Amino acid sequence: MYIGDSSEPDFAARLCGIAETTRFGRHEASDAVQVFRAEDVRELLRDRRLWSTRDISELVARLPIEVRPVYTRLCEFLGLWPAFSDGPYNRRIRAHLITGLAGAAADEVRAALRRDLSALLAGRVGTRFDWIADVSVPYAHLVLARSIGVSIDEARRVTELGERIMRSIASTGIDVERAEQALAASKEMRDWLEHAIGVGGSRFISAVADIWRDIDSGPQAATAALAQVVTGSYQPLIGVMGALVEIIDADHLRSLPIPVIREEAIRLATPFRYVSRFTRCPMTIGDHELGADGRVMLLLATANVDPSAVPEPLEVRDRPKRANLAFGAGPHYCPGAAVARMAIDIVLEQLRGSGHVFAIGKVTREPEFSVLQYYSIVGELTEASVAAP
Ligand code: HEM
């Protein structure tokens with residue numbers, strides 16, 4: 001089923017309408033079964049018959065012979081990413097990442113990010129600027145830098161490499177040049193990581209160094225773990241930053257606690273609009289029968305505005321935290337959720353503390369569905385009475 005043009009202003013209402021009227025669908029281009037409602041999505045995220053690992057042998061066998069080696073290498077690298085792996089390997093890598101990110105939302109990181117954000121907003125009141133390019137992008141680099149303990153220049157560098165890898169994953173059809181660029185970027189990321197491990201430093205880099213030295217994982221797995229953290233944190237954070245100024249107004253800031261507003265902004269943004277899973281054995285979903293290695297799309301974005309699970313889903317309200325599926329659920333639940341929540345809380349505190357809201361002039365969004373992406377949000381910070389009662 002076609003989900004619609006995600007750059008349209010009424011797209012959220014459209015997602016809500018889909019969840020209301022439709023339980024399952026078929027995505028024609030990929031032949032995936034789509035799952036739209038919250039209860040089904042939550043259940044299938046924990047279903048052991050579904051895995052994130054994809055058997056690539058058949059996929060590669062269908063490609064022209066001359067492009068198979070480059071795609072095999074790319075798929076092997078992607079298969080090492082936590083989000084595309086399962087079982088003991090995934091659990092081992094996750095354990096290291098969770099250790100590495102344990103202090104990433106600590107008080108001193110929060111304090112440093114508060115200063116960073118104040119500096120980014122200084123002198124902007126009453127001037128027109130782009131909330132995405134001028135604030136959200138540098139802020140996302142700073143969040144990454146502070147939470148993994150590297151310099152801002154290094155955070156920019158690894159993000160740029162991560163984006164180059166993502167461009168190849170996002171391209172549909174065979175594009176050997178992009179696949180080669182992705183492999184070259186992964187090699188540069190590996191070299192960067194080797195150097196960072198050699199120099200030593202943060203808790204996060206030490207945790208990734210443990211993956212690097214682990215005989216069962218190794219340097220490629222460590223690079224894949226870093227690539228996942230970089231790409232998994234950067235775009236979605238910018239997406240929530242954008243959604244936040246589109247959704248949150250002075251009334252919300254005045255009347256609701258910050259954690260409630262943050263959770264609602266993340267729920268309504270749901271930057272990763274779906275996650276893919278593959279069947280490990282034949283199974284039936286709704287009326288759809290799938291063989292082994294059948295593809296399933298679990299639509300977090302419709303599940304998060306499903307009126308049967310979230311009453312009046314487009315309203316910003318105090319709701320149980322469980323209502324929010326933006327970070328997934330089950331064995332792949334986002335290990336960076338605390339970092340993302342901290343980063344958004346700081347922005348909301350700053351807006352409430354300074355008594356400003358961002359008055360939007362013009363918004364432009366990417367029309368692609370898979371990840372929420374803004375091109376720009378131009379407007380200005382204006383005075384608003386937002387002090388909590
Ligand atoms: C608003 C920001 C974020 C959102 C919405 C988000 C969302 C998600 C989702 C939905 C998944 C599960 C994917 C699946 O089930 O296939 C995930 C996994 C992951 N996220 Fe996040 N994420 C965010 C920020 C972060 C940050 C800040 C980090 C790290 C600092 C991070 C690191 C990861 C990693 C490593 C995984 C893979 C875990 C696994 O598959 O075992 N994410 N994220």
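**Reading sheets, a helix face, a ligand shell and two unusual phi values**

Five strands make up an open sheet of mixed pairing, in the order S1-S2-S8-S5-S3. The model is predicted.

Me: Which strands stand at the edges of that sheet?

Reply: Strand S1 (24–27) and strand S3 (50–51) stand at the edges. Each has a single partner strand, so one side of each is left without a neighbour in the sheet.

Me: What packs on the sheet, and which strands does it touch?

Reply: Helix H2 (residues 38–45) packs there, touching S2, S3 and S8. The direction of H2 makes about 125 degrees with that of S8.

Me: The pairing is called mixed. Which way do the partners of S8 run, parallel or antiparallel?

Reply: Take the two pairs in turn. Strand S2 (residues 32–35) and strand S8 (residues 295–298) run parallel and are joined by 3 bridges. Strand S5 (residues 275–279) runs antiparallel to S8, with 4 bridges between them.

Me: Which residues can I use to find these pairs in the structure?

Reply: For S2 and S8, Val 33 has Val 296 as its bridge partner, and Val 35 has Leu 298. For S5 and S8, look for Ser 276, which stands opposite Met 297.

Me: In what order do the strands S4, S9 and S10 lie?

Reply: These 3 strands form an open sheet in the order S4-S10-S9, with antiparallel pairing. Strand S4 (129–130) and strand S9 (356–365) are at the edges, each with a single partner strand, so each has one side without a neighbour in the sheet. S4 is joined to strand S10 (residues 374–383) by 2 bridges, and Phe 129 stands opposite Gly 379 in S10.

Me: Which helix lies across S4, S9 and S10?

Reply: That is helix H7 (residues 131–148), which runs at about 95 degrees to S10.

Me: How do I read the burial pattern of a helix such as H1?

Reply: List the buried residues, then see where they sit around the axis. In helix H1 (residues 11–21) they are Ala 12, Leu 15, Cys 16, Ile 18 and Ala 19. Those residues cover an arc of only 160 degrees around the axis, which puts them on the same side of H1. Their cover includes helix H13 (258–269) and helix H14 (300–303).

Me: How many residues surround the ligand, and which are the closest?

Reply: There are 28 residues around the ligand, and the closest are Ser 233, Gly 328, His 332, Cys 334 and Gly 336. The elements giving two or more residues to this shell are helix H5 (87–100), helix H11 (219–247) and helix H15 (337–354). H11 gives the most, with 7 residues.

Me: What is the make-up of the shell by class?

Reply: The shell has 18 nonpolar, 9 polar and 1 charged residues.

Me: Why look at the sign of phi?

Reply: Most residues other than glycine have a negative phi, so a positive value deserves a look. Asp 293 has a phi near 65 degrees, and Glu 312 has a phi of about 45 degrees. Neither is a glycine.

Me: Where are Asp 293 and Glu 312?

Reply: Asp 293 is in the loop between strand S7 (288–290) and S8. Glu 312 lies in the loop between H14 and H15.

Me: Which exposure class does each belong to?

Reply: Count C-beta neighbours inside 10 Å. Asp 293 has 18, so Asp 293 counts as partly exposed. Glu 312 has 11, which makes Glu 312 exposed; the exposed class takes 12 or fewer.

Terms used
Residues numbered from 1 in each chain as written. Predicted model: local features only at pLDDT ≥ 70, side-chain atom pairs only at ≥ 80, totals over all residues. Buried ≥ 20, exposed ≤ 12 C-beta atoms within 10 Å, placed from the backbone. Arc of directions from axis to C-beta. Contact = placed C-beta atoms within 7 Å. Near = placed C-beta within 6 Å. Nonpolar A, V, L, I, M, F, W, Y, C, P; charged D, E, K, R; others polar. Pairing = 2+ DSSP bridges. Axes fitted to C-alpha atoms, helices over the stretch in contact; angles between N-to-C directions.
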